Amino acid sequence: MQWLIGNWKMAPDTVSQAHLLAKATAAIARRNKKKLTVIVCAPFVYFTPLHSAARTLPLGAQDVSASTKTASTGEISGAMLKSQKVGYCIVGHSERRAMGETDAHVKEKINRLLEKNIRPILCVGEKSRDSQGWYLSVIKDQIESAFSGVAKATIKRFIIAYEPVWAVGAAANRVASPSECREMVIFIRKLVADLYDEKTARAVPILYGGSINEENAASFLTSGEAQGLLVGRVSLVPKQLTLLAAHIANA
Ligand code: PGA
């Protein structure tokens, strides 16, 4: 089973557009249900309308508050997500890290999610690459910080998404190659195995994200050895998402 997670980011603009998009995405999920688990990480305000649009579509959030205090204006708690039937939540996305989110914040957010039995989709990724391989230490620090104090039995709740910052979003420098993805999937798996053990590491899906399209998607799963994809822009365009899902379901 492969994962296909859509990160809608700050889109679409209206509830009715969100409704239509959720319906189209649910249809894609139904068509590919034997091979794909499709999840939509939507803006907070759309959870309730989305339940009525697409009852079967698993929902994720794009962030959660690290705070435990109700006096946290503008924040959304793990308990609120749970009450909206949100089963997954992205943490550590590069766009949030760019707004000041640190590994310490990510760790606290993971705690809030695990307390409510919500599965963290932990994003890790380096800003740039160098020829000596120092970028690997960025990933190591992110993984070790996120998993510090997490019990072995809880690790299988995690989904890790490797998203090199230089390949994410409209300002991406270039798309990563499947071999760069494969190298990182092996590296991340080894890091988790060193912290726990190989069996535990194998239970954590490692996804790839960053400028995925229907042409390159399948190669990240085959030669790239990722167990799924986290897609941004394509998740907002049902025609493109349909093609992408078909390519990866047949990979
Ligand atoms: P993109 O975004 O597919 O638009 O590059 C991916 C992400 O940020 O998760």
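## Around the ligand

A residue counts as near the ligand here if one of its heavy atoms lies within 4 Å of it. This is a predicted model, and with that cut-off the residues around the ligand are Asn7, Lys9, His93, Glu163, Val168, Gly169, Gly210, Ser211, Leu230, Val231, Gly232 and Arg233. Sorted by class, that shell comes out as 3 nonpolar, 6 polar and 3 charged residues. If the polar count surprises you, remember that Gly goes in the polar bin.

Now for the contacts themselves. Two of them use the backbone: a polar backbone atom of Ser211 sits 2.9 Å from an oxygen atom of the ligand, and a backbone N or O atom of Gly232 is also 2.9 Å from a ligand oxygen atom. Arg233 joins in with its side chain, where an N or O atom is 2.7 Å from an oxygen atom of the ligand. As for cover, the ligand on its own has 280 Å² of accessible area, and the protein covers 99% of that.

## Strand 2 and its neighbours

What about strand 2, residues 36–41: enclosed or open? With 6 of its 6 residues buried, strand 2 is largely enclosed by the rest of the structure. In a regular strand, side chains alternate between the two faces of the sheet. Here, Leu36, Val38 and Val40 point one way, while Thr37, Ile39 and Cys41 point the other, and all are buried.

Which strands pair with strand 2? One is strand 1 (residues 2–7), which runs parallel to strand 2 over 6 bridges; in that pairing, Gly6 stands opposite Val40. To get from strand 1 to strand 2, the chain goes through helix 1 (residues 15–31), making a right-handed β-α-β crossover.

Strand 3 (residues 59–61) is another partner, also parallel, joined to strand 2 by 2 bridges. Val40 turns up again here, this time opposite Leu59 of strand 3. The route from strand 2 to strand 3 passes through helix 2 (residues 47–53), and this β-α-β crossover is right-handed as well.

## A loop residue: Ala226

Ala226 belongs to the loop between helix 9 (217–221) and strand 8 (228–231). Is this loop residue buried or exposed? Its relative accessibility is 3%, so Ala226 counts as buried, the cut-off for that being under 20%.

For a distance to check in your viewer, try Ala226 and Arg202: these two are 24 residues apart along the chain, and their C-alpha atoms are separated by 12 Å.

Notes
Residues numbered from 1 in each chain as written. Predicted model: local features only at pLDDT ≥ 70, side-chain atom pairs only at ≥ 80, totals over all residues. Heavy atoms only, no water. Buried < 20%, exposed > 50% of the residue type's maximum accessible area, 1.4 Å probe, protein only. Helix = DSSP H or I, 4+ residues; strand = E, 2+ residues; numbered from the N terminus. Pairing = 2+ DSSP bridges. Right-handed = clockwise from strand over helix to strand, strands pointing away. Polar contact = N/O pair within 3.5 Å; in protein donor to acceptor, adjacent residues only side chain to side chain. Areas by Shrake-Rupley, 256 points an atom, 1.4 Å probe, with all protein chains shown as cover.
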